[in-house]
Amino acid sequence: MAKILVVDDSRTSRKFLRTILEEGQHKIVGEAKNGLEAIEKYKELHPDLTTMDITMPELDGLGALKEIMEYDKAAKVIMVTAAGQKNKVVDAIKYGAIDYVTKPFDPEKINASIEKSL
């Protein structure tokens, strides 16, 4: 069981991820709706893993990923992306993301990514 921080500006996406992850016996320790909140919650909660949407208001997932990786080089972040954002996914991997999953969510792929990452 991992402690996971879920970051997405869409309440529906956060809820869907929460359901998938909790069914996989993981604990959601927090949620954030933008990159600024993600950084704050990461520092406060020290999750085992973070799922991070790429496209968000205020500070996008790439910006938040960079700051989290500067704060904690061992951070485990899985990026969440819509189809057609391949360039951003490549950047995310360069910045330290350990994997990515695409929307719409496939529970089997998400659980496989989580298990591989841990």
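## Around Ile68 and across the sheet

Skip the neighbours within four places in sequence, and Ile68 is in contact with Ala38, Ile39, Tyr42, Met52, Ala75 and Val77; contact here means heavy atoms within 4.5 Å. What you're looking at is a predicted model, where local features need pLDDT of at least 70 and side-chain atom pairs count only at pLDDT 80 or more, while totals for chains, interfaces and linings use all residues. Residues are numbered from 1 along each chain as its sequence is written, and side-chain values use heavy atoms, with hydrogens and water left out.

Let's stay with Ile68 for a moment. Ile68 lies in helix α3, and with a relative accessible area of 1% it is buried. Buried means under 20% relative accessible area, exposed means over 50%, and partly exposed is in between, using a 1.4 Å probe and protein chains only. Ile68 and Gly96 sit 28 residues apart in sequence, yet their C-alpha atoms are 9.5 Å apart in space.

Helix α3 covers residues 61-71, and its axis comes within 9 Å of the axis of helix α2 (residues 35-45), crossing at roughly 20°. Helices (H or I, at least four residues) and strands (E, at least two) are DSSP runs, numbered from the N terminus. Axes are lines fitted to C-alpha atoms, for helices over the stretch in contact, and angles run from 0 to 180 degrees between N-to-C directions. The two helices are therefore roughly parallel to each other; that label goes to angles under 35 degrees, with over 145 being roughly antiparallel, 65 to 115 roughly perpendicular and the rest oblique. α2 passes α3 in a right-handed crossing, where the near helix is turned clockwise from the far one by less than a right angle; anticlockwise would be left-handed.

So who touches whom? On the α2 side there are Gly35, Ala38, Ile39, Tyr42 and Lys43, and they meet Ala64, Glu67, Ile68 and Tyr71 in α3. By class, that contact has six nonpolar, one polar and two charged residues. Ala, Val, Leu, Ile, Met, Phe, Trp, Tyr, Cys and Pro count as nonpolar, Asp, Glu, Lys and Arg as charged, and the others, Gly among them, as polar.

There's another helix pair to look at. The axes of α1 (residues 11-23) and α5 (residues 107-117) come within 10 Å and cross at roughly 65°, and this crossing is right-handed. Leu17, Ile20 and Leu21 of α1 make the contact with Pro107, Ile110, Asn111 and Ile114 of α5. Its residues are six nonpolar, one polar and no charged. In α5 you'll also find Glu108, whose C-alpha atom is 9.0 Å from that of Ile20, 88 residues apart along the chain.

Now for the sheet. Five strands form an open sheet in the order β2-β1-β3-β4-β5, with parallel pairing; two strands pair if DSSP finds at least two bridges between them. β2 and β5 (99-102) are the edge strands, each pairing on one side only. On average, neighbouring strands are turned by 20° against each other, direction ignored. α5 packs on this sheet and touches β1, β3, β4 (77-81) and β5, with its direction making about 170° with that of β5.

How buried is β1 (residues 3-7)? Four of its five residues are buried, leaving the strand mostly covered. Five bridges join β1 to β2 (residues 27-32), and Lys3 stands opposite Lys27 in β2. Towards β3 (residues 49-53), β1 has four bridges, and Ile4 has Leu49 as its bridge partner there. Four bridges also join β4 to β5, where Met79 is partnered by Tyr100. β5 has Asp99 and Val101 on a covered face and Tyr100 and Thr102 on an uncovered one. In a regular strand, side chains alternate between the two faces of the sheet.

A few residues are worth finding by their accessibility:

| Residue | Place | Relative accessible area |
|---|---|---|
| Ile68 | helix α3 | 1%, buried |
| Gln25 | loop between α1 and β2 | 57%, exposed |
| Glu58 | loop between β3 and α3 | 66%, exposed |
| Glu108 | helix α5 | 67%, exposed |

Gln25 has a positive phi of about 70° although it is not a glycine. Glu58 also has a positive phi of about 70° without being a glycine. Last stop: the loop between β5 and α5 holds Pro104, and a cis peptide bond joins Lys103 and Pro104, with omega about -5°.
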